[in-house]
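Visitor: I'd like to learn how to read a strand and the empty spaces in a fold. Could you walk me through an example?

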Amino acid sequence: MTITDVARHAGVSTAAVSKVLRNAYGVSPAMQERVRAAMAELNYRPHAAARGMRGRTYTIGVLLDNIRNTFFADILDGIRDALRDSEYTVMIGAAGFDADSQAKTIRSMVDRQMDGLILIAPGTLRTEVLATAQSTPTVVIGHHDASDLHDSVVDADGLGAGLVVDHLVSLGHRDIALVSSPGSRASKWTRTPEIVLADGYLEAMERHGLQAYARVHKTAYSDEGGHKAGLSLLASPDRPTAIMTGADVAALGVWRAAHELGLRVPEDVSLVGYNNTAIADLATVQLTSVDQAGRTMGSTAAKMLIERVEGHRDRATQVTMTPRLVIRHSTAAPTRP
């Protein structure tokens, strides 16, 4: 089935069908409906490779490191929401944490002529991302390093950390630990989410005169990483009375460690997550968490990317989400000083 068949079936010119396929400016809703009805009746699908040869493939590549992080699902939902009524299709590259694997995935997306890329907290070299952004429209989610080459969507992570510390201090906690991702200095990103979060935590602890209690335990943002951090922190003689984690998935790992050690949340240790994923609100979990509007981050990134792809904007910009603390049952006053 060809574009000519669609045009004949709809009773319009092939140029009109082409305009509809390209979402060209000036095509009336009636023409859109007429052509798309003919396409549906004929089961016509544009050939992606052929469209790529004409300058656009209508595919968007999304890079993430871990499909088990439920926060990424929120971001992907937002991307889907923004693109639902468009011609664009999302292709996901789950590359893992390894920088070389992420770089390989990014290059594969570029080689397949994807129209634009959304990179979620990439661990690959910043120089690699900047080189890619020179030729392919790119949005980076999470990293605070601004650039003239790519757009960015970030959360005010420092503010989010401060909200957590303020809340725990108001309950009477002093010994508050942070579980954060180790990141990678080799990647040359200087303002990753974990760096900004840790800075905000340390500043808040100092603001409350608690710098002597501050400690940052670094581990992967995963259930396993949180579990290891929880065993290390909670089995020590000077275990903290409260633990903040940089991701809900890690908080659940800490919770599992606490259970194995015979400790209760929040009676023996208060626990706070980050991202406010759906699992945090489960009746059996009720995890206090920082909401950074993951769905909105995703939809914002997708809209920004399409603006670049379609030439409606040529200057890079950075959008910052304002976090809010959602208090549930995993935090309470400490039972020991």
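Visitor: Which residues point one way from β6 and which the other way?

Guide: First, some ground rules. This is a predicted model, where local features need pLDDT of at least 70 and side-chain atom pairs count only at pLDDT 80 or more, while totals for chains, interfaces and linings use all residues. Residues are numbered from 1 along each chain as its sequence is written, and side-chain values use heavy atoms, with hydrogens and water left out.

Guide: In a regular strand, side chains alternate between the two faces of the sheet. Here I176, L178 and S180 point one way from β6, and A177 and V179 the other way. All are buried, meaning under 20% relative accessible area with a 1.4 Å probe, protein chains only. Strands are DSSP runs of E, at least two residues, numbered from the N terminus.

Visitor: Which strands are joined to β6 by four bridges?

Guide: Strands pair if DSSP finds at least two bridges between them. Four bridges join β6 to β8 (residues 242–245), running parallel, and I176 has A242 as its bridge partner there. Four more join β6 to β7 (residues 215–218), also parallel, with L178 opposite V216.

Visitor: And what is the volume of the largest cavity?

Guide: Rolling a probe the size of a water molecule over the atoms shows where empty space is left. A cavity is a set of points on a 1 Å grid over the protein atoms alone where a 1.4 Å probe fits but cannot get out. Grid points are joined across faces, edges and corners, and a volume is the space filled by probe spheres set on the points. The largest cavity has about 40 Å³. Its lining, residues with an atom within 4 Å of a point, includes H173, T241 and R336.

Conventions. On a 1 Å grid over the protein atoms alone, a cavity is a set of points where a 1.4 Å probe fits but cannot get out, and a pocket is an open set with protein on both sides within 12 Å along at least five of seven lines; lining residues have an atom within 4 Å of a point. Buried means under 20% relative accessible area, exposed over 50%, partly exposed in between (1.4 Å probe, protein chains only).
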